[in-house]
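I am opening a fresh page for this structure. My plan is to look things up one at a time and write down what I find.

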Amino acid sequence: MNEQRRQVLQMLAEGKITAEEAERLIDALGRDRSPSPPEAGSRTKPRPKYLRVVVVSEEGAGDWAGEAFGGDGTSRINIRVPLQLLRAGVRLTSLVPPQALTRANAELHRSGVDIDLTQLKPQHIEELIEHLDELTVDIDSADAKVQIFCE
Amino acid sequence: MIPRLVTVGWRPGDGRWRRVHVPVLPALLVLSPLLLPAVLGGLVACVVFGVSPLGALRGAGRLVWALPGTRFEIEQGRTAVLVNVR
């Protein structure tokens with residue numbers, strides 16, 4: 001590409017083209033080169049769309065739950081939630097009236113939980129969801145396996 | 001995109017799956033005589049409790065629009081429940 005640019009400048013120096021033509025040619029060369037960055041971006045990992053929670057547990061074997069449900073005690077939970085749904089849910093929190101938040105704060109304080117819900121802004125929770133795609137929880141114990149990830 | 005099909009499935013102890021496929025748009029049309037008063041009631045409740053009715057409608061719309069792709073599958077031994085929104 002530098003070679004083409006040099007040729008344009010050479011033609012300008014020799015008087016074969018005018019300065020305006022040289023400028024147009026160099027601009028055209030720049031436009032040809034510009035599509036390359038999106039190509040590099042397309043190779044990056046696509047943004048995840050779903051939050052998955054997978055729990056496989058053998059714990060119920062022989063206990064009341066296993067017998068009540070007539071199974072072998074193996075339980076499986078497979079949940080897929082669109083991240084967009086989480087965002088929409090979070091945005092709903094902005095509708096909660098301030099007096100309700102104050103009352104919730106008072107109840108939380110009475111229960112010994114010192115969290116000020118009025119300080120919890122929807123944009124903060126949205127940021128949290130934005131970064132959920134980097135989250136991976138993998139718990140593997142003898143009787144249960146829990147996986148939380150984004151896909 | 002608005003949900004088009006909701007599949008609710010359950011498997012009782014006998015091990016056989018039962019599935020109900022609910023096409024959302026026809027179901028909404030059928031339920032519209034009930035839905036309209038419900039929405040109006042919701043709007044009145046919003047005004048009473050000091051919540052912006054427009055914001056509530058927009059929030060509910062966003063929530064419904066984001067539903068496709070949701071899947072819940074819970075299995076306990078031979079019994080299971082499945083909810084799938086497409």
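**Entry 1: a starting residue.** I began with Ile139(A), which lies in strand β3 (residues 136-140) of chain A. I am working from a predicted model, and I keep that in mind throughout. Is Ile139(A) buried or exposed, or something in between? I looked up its relative accessibility and found 47%, so Ile139(A) counts as partly exposed.

Next I checked its contacts, setting aside neighbours within four places in sequence. Ile139(A) touches Ala144(A), Lys145(A) and Val146(A). One of these is also its partner across the strands: Ile139(A) stands opposite Val146(A) in β4(A). I also looked up a distance to Val55(A). The two residues are 84 apart in sequence, yet their C-alpha atoms are 9.4 Å apart in space.

**Entry 2: the sheet.** I moved from the residue to its strand. β3(A) pairs with β4(A) in the antiparallel sense, over 5 bridges. Which strands make up the whole sheet, and in what order? I traced 8 strands, in the order β3(A)-β4(A)-β1(A)-β2(A)-β3(B)-β4(B)-β1(B)-β2(B). The sheet is open and its pairing is antiparallel. Strands of chain A and chain B both appear in that order.

Which strands stand at the edges? I found β3 of chain A and β2 (18-23) of chain B there. Each has a single partner strand, so one side of each is left without a neighbour in the sheet. I noted the turn as well: neighbouring strands of this sheet are turned by 5° against each other on average, direction ignored.

**Entry 3: helices on the sheet.** I then looked for what packs on these strands. Helix α5 (residues 83-92) of chain A packs on the sheet and touches β1, β2 and β4 of chain A. Its direction makes about 70° with that of β2(A). From chain B, α1(B) packs on the sheet too, touching β1 (5-11) and β2 of chain B. The direction of α1(B) makes about 70° with that of β2(B).

**Entry 4: strand β1 of chain A.** I went back to chain A for strand β1 (residues 50-57). How many of its 8 residues are buried? I counted 6, so the strand is mostly covered.

I followed its pairing on both sides. With strand β2 (residues 75-82) of chain A, β1(A) pairs in the antiparallel sense over 8 bridges. With strand β4 (residues 144-150) of chain A, β1(A) shares 7 bridges, and these two also run antiparallel. Val53(A) shows both pairings: its bridge partner in β2(A) is Ile79(A), and its bridge partner in β4(A) is Ile148(A).

I picked one more residue of β1(A), namely Ser57(A). Its relative accessibility is 8%, so Ser57(A) counts as buried. Leaving aside neighbours within four places in sequence, Ser57(A) is in contact with Gly73(A), Thr74(A), Ser75(A), Asp143(A) and Ala144(A).

**Entry 5: a helix pair in chain A.** I returned to α5(A) and looked for a helix beside it. α5(A) and helix α7 (residues 122-130) of chain A pack at about 170°, with their axes 9 Å apart. Angles over 145 degrees count as roughly antiparallel, so α5(A) is roughly antiparallel to α7(A). The crossing is right-handed.

Which residues make the contact? From α5(A) I listed Leu83(A), Leu86(A), Arg87(A), Val90(A) and Arg91(A). From α7(A) I listed Pro122(A), Ile125(A), Glu126(A), Ile129(A) and Glu130(A). By class, that contact has 6 nonpolar, no polar and 4 charged residues.

**Entry 6: a helix pair in chain B.** I did the same lookup for helix α1 (residues 24-48) and helix α2 (residues 53-65) of chain B. Their axes come within 9 Å and cross at roughly 130°. That makes α1(B) oblique to α2(B). This crossing is right-handed. Val39(B), Leu43(B), Cys46(B) and Val47(B) of α1(B) meet Pro53(B), Ala56(B) and Leu57(B) of α2(B). The contact has 7 nonpolar residues, with no polar and no charged ones.

**Entry 7: chain A as a whole.** I closed with totals. Chain A has 7 helices and 4 strands. Along the sequence they follow the pattern α-α-α-β-α-β-α-α-α-β-β. Of its 151 residues, 23% are buried. Among contacts between residues at least 6 apart in sequence, 59% join residues at least 24 apart.

Conventions: Residues are numbered from 1 along each chain as its sequence is written. Chains are lettered from A and ligands numbered from 1 in the order in which they are written. This is a predicted model: local features need pLDDT of at least 70, side-chain atom pairs count only at pLDDT 80 or more; totals for chains, interfaces and linings use all residues. Side-chain values use heavy atoms; hydrogens and water are left out. Axes are lines fitted to C-alpha atoms, for helices over the stretch in contact, and angles run from 0 to 180 degrees between N-to-C directions. Angles under 35 degrees count as roughly parallel, over 145 as roughly antiparallel, 65 to 115 as roughly perpendicular and the rest as oblique. A crossing is left-handed if the near helix is turned anticlockwise from the far one by less than a right angle, and right-handed if clockwise. Contact means heavy atoms within 4.5 Å. Ala, Val, Leu, Ile, Met, Phe, Trp, Tyr, Cys and Pro count as nonpolar, Asp, Glu, Lys and Arg as charged, and the others, Gly among them, as polar. Buried means under 20% relative accessible area, exposed over 50%, partly exposed in between (1.4 Å probe, protein chains only). Two strands pair if DSSP finds at least two bridges between them.
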